[in-house]
Amino acid sequence: MNDRAVSVLEKYDIEVLRSWKGRGAILCETKTGITILKEYKGSGTRLLLQQKLLQEIKENGYPWVEEILPAKDGELLVKDEDMVSYYLKSYSQGKECNSKDIGDCEEALRQLAIYHQSACLPKLEEGCKVSRFPLEEEMEKHTREMKKVRKFLKEKGQKTDFELLLFHHYDFFFEKAGEVLEESRKLKSGRETKEARLFCHGDFQHHNILMNESGVFLINFEKFALDSPTRDLSLFFRKIMEKNNWSGVWGQRMLRAYEKQRPLSAEERLDLYYRLSYPEKFWKIINFYYNSSKVWIPAKNLEKLEKLLKQEEEKNRYLEQNFRQWVLQ
């Protein structure tokens, strides 16, 4: 363990038996279990709210979440000699959810549904300053960003292979983004919606789902947000479906696993359809490209774009066959 980590851990009332590096942090074995020390760049106010959220979720019937541990002085954030902030959390060893194992993915969504049932916390929501992320506003922001990058590419002179392929297919995805946004606005404006609002995990993907003999343990709640439960569901669902070529069998089994615990409302089904229809993956590829060095473009970018183009037909077919009827109801 380096001197900086030692100086930070001395501020906690724990006895470290051994330590090792992992997950971009330092894992510590103590007499009471495993803890993880991580650097923190957010605000102390948000971290305090995160601690309260995790406590409330446990008390509301879902104990399989991490816990933020206070230092000896009661503070959640501690600083090293260079004034870098850290915080300490509980941890559970286990394997990550395997995105290629349908059983793992079904269990992950079953657990997400149970978590969502415990994450509706009106008392905590009162007076809490956590921004919501209305779907249409988020899609509108991403579409504006896509328009800006489109203009940049159009005016750029010599283009790399990645940029040529990106520019060749740009209009298709840009128009798709606009169509989904417009259709979502029209249909939702004509419906009386009663959206559920709860504290979403915010980053529910296989890396943050640990599995062992005791069950499932959810970690890394730093991106928690007040939003529709479909925020978590769509993120996990889309990523897993992309990794499995938008298999109809996988989609059916995963949604069934979630709905056995928590059936989706008509509004949530509609919301999920639009979240999956929007070309989010394309936006992520161009956003990463535009905000990084354009002198050297990693080969991985080209691979991701080529994979996206190959899967687009399968994705659209899957959504048309399994989701489109929700829009027409």
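## Asparagine 245 and the end of helix 7

A residue counts as buried under 20% relative accessible area, as exposed over 50%, and as partly exposed in between. In this predicted model, asparagine 245 has a relative accessible area of 49% and is therefore partly exposed. Asparagine 245 is found in the loop between helix 7 (230–243) and helix 8 (248–261), and its phi is positive, about 55 degrees, although it is not a glycine. Most residues other than glycine have a negative phi.

## Helix 7 and its crossing with helix 11

Helix 7, which asparagine 245 follows, has 14 residues that should span 20 Å at 1.5 Å a residue, and its end C-alpha atoms are 19 Å apart, which agrees. Because 13 of these 14 residues are buried, helix 7 is largely enclosed by the rest of the structure.

One of the elements that helix 7 packs with is helix 11 (residues 299–322), at an angle of about 115 degrees and with the two axes 10 Å apart; the crossing is right-handed. On the side of helix 7 the contact is made by Phe237, Met241, Glu242 and Lys243, while helix 11 contributes Lys307, Gln311 and Tyr318. By type, the residues of this contact divide into three nonpolar, one polar and three charged.

## Helix 8

On the other side of the loop that holds asparagine 245, helix 8 has 14 residues and reaches 21 Å from its first C-alpha to its last, close to the 20 Å expected at 1.5 Å a residue. Its buried residues are Trp250, Gly251, Met254, Leu255, Ala257, Tyr258 and Glu259, and what covers them includes helix 3, helix 7, helix 9 (266–277) and helix 11.

## Helix 2 and the glycine after it

Helix 2 (residues 44–59) has 16 residues and reaches 23 Å between its first and last C-alpha atoms, close to the 22 Å expected at 1.5 Å a residue. Leu47, Leu49, Gln50, Gln51, Leu53, Leu54 and Ile57 are its buried residues, and they pack against both strands and helices, namely strand 4 (68–69), strand 6 (85–91), strand 8 (198–200), helix 3 (102–118) and helix 4 (122–125). Just after helix 2 comes glycine 61, which takes a positive phi of about 110 degrees.

## Two residues in the strand regions

Threonine 35 lies in strand 3 (residues 33–39) and is buried, with a relative accessible area of 5%. Leaving aside residues up to four places away in sequence, threonine 35 touches Ile14, Ile26, Leu27, Cys28, Thr30, Leu69, Leu88, Lys89, Ser90 and Tyr91.

Methionine 83, by contrast, counts as exposed, at 55% relative accessibility. Methionine 83 lies in the loop between strand 5 (78–79) and strand 6, and it has a positive phi of about 65 degrees although it is not a glycine.

## The nonpolar cores

The largest nonpolar core has 76 residues, and those with the most contacts inside it are Met146 and Phe236. Methionine 146 touches Tyr170, Phe173, Phe174, Ala177, Tyr278, Phe282, Trp283 and Ile286, again not counting residues up to four places away in sequence. Apart from this core lies another, of 10 residues, among them Leu9, Leu37, Val78 and Tyr86.

Notes: Residues numbered from 1 in each chain as written. Predicted model: local features only at pLDDT ≥ 70, side-chain atom pairs only at ≥ 80, totals over all residues. Heavy atoms only, no water. Helix = DSSP H or I, 4+ residues; strand = E, 2+ residues; numbered from the N terminus. Expected span 1.5 Å × (residues − 1). Buried < 20%, exposed > 50% of the residue type's maximum accessible area, 1.4 Å probe, protein only. Contact = heavy atoms within 4.5 Å. Axes fitted to C-alpha atoms, helices over the stretch in contact; angles between N-to-C directions. Left-handed = near helix turned anticlockwise from the far one by under 90°. Nonpolar A, V, L, I, M, F, W, Y, C, P; charged D, E, K, R; others polar. Core = buried A, V, L, I, M, F, W, Y, C linked by side-chain atoms within 4.5 Å.
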